[in-house]
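Dear colleague,

I am handing over a structure for you to look through, and below it I have set out what was found in it. Please read the notes with the picture open beside you.

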Amino acid sequence: MIAYKFLAPGAVGPFSGFAWPVPSGGGPGPWVAAGAGGAIHACRTHHLPWWLDAELWAAELDGEVEERP
């Protein structure tokens, strides 16, 4: 599933402070796995106005995806 994530400048999570790996060489960036009990948060397009930040990234989600309001 393709989803979207707003990040602070430099591809940094605005709440977590996590520095996301960025693509290089024209291909996609490396996969990121959620830690034990954690999650990776991303949005569908209709949720984007609530999460505005400096950079908008597209992400491919794999595995169990749970949607929440």
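Two residues are said to be in contact when they have heavy atoms within 4.5 Å. With neighbours up to four places away in sequence left out, K5 touches W20, H41, E55, L56 and W57.

Please keep in mind that this is a predicted model, in which local features need pLDDT of at least 70 and side-chain atom pairs count only at pLDDT 80 or more, while totals for chains, interfaces and linings use all residues. Residues are numbered from 1 along each chain as its sequence is written, and side-chain values use heavy atoms, with hydrogens and water left out.

The protein chain has zero helices and two strands (DSSP runs, H or I of at least four residues for helices and E of at least two for strands, numbered from the N terminus). Its radius of gyration, taken over C-alpha atoms, is 12 Å, close to the 11 Å that the globule rule (2.2 Å times the number of residues to the power 0.38) gives for 69 residues, so the chain is as compact as a globular protein of that length. Buried residues (under 20% relative accessible area, with exposed meaning over 50% and partly exposed in between, for a 1.4 Å probe and protein chains only) make up 16% of the 69 residues.

K5, which lies in strand β1 (residues 2-7), is buried yet has no salt bridge (a side-chain nitrogen of Lys or Arg within 4 Å of a carboxyl oxygen of Asp or Glu), and the nearest side chain of opposite charge (Lys and Arg count as positive, Asp and Glu as negative, and His and the chain ends are not counted), that of D53, is 9.5 Å away. The side chain of K5 does, however, reach the backbone oxygen of H41 at 2.8 Å.

In strand β2 (residues 55-60) we find A58, which counts as exposed because its relative accessibility is 57%. Apart from neighbours within four places in sequence, A58 is in contact with A3 and Y4.

Where, then, are the two salt bridges of the structure? One joins R44 and E67, with the closest N and O atoms 2.8 Å apart; this pair links distant parts of the chain, since R44 is in the loop between β1 and β2 and E67 in the segment after β2, 23 residues apart. R44 counts as partly exposed because its relative accessibility is 32%, whereas E67, at 54%, counts as exposed. The other is formed by the side chains of E66 and R68, at 2.7 Å from N to O, and both E66 and R68 are exposed.

With best wishes

Conventions
Polar contact = N/O pair within 3.5 Å; in protein donor to acceptor, adjacent residues only side chain to side chain.
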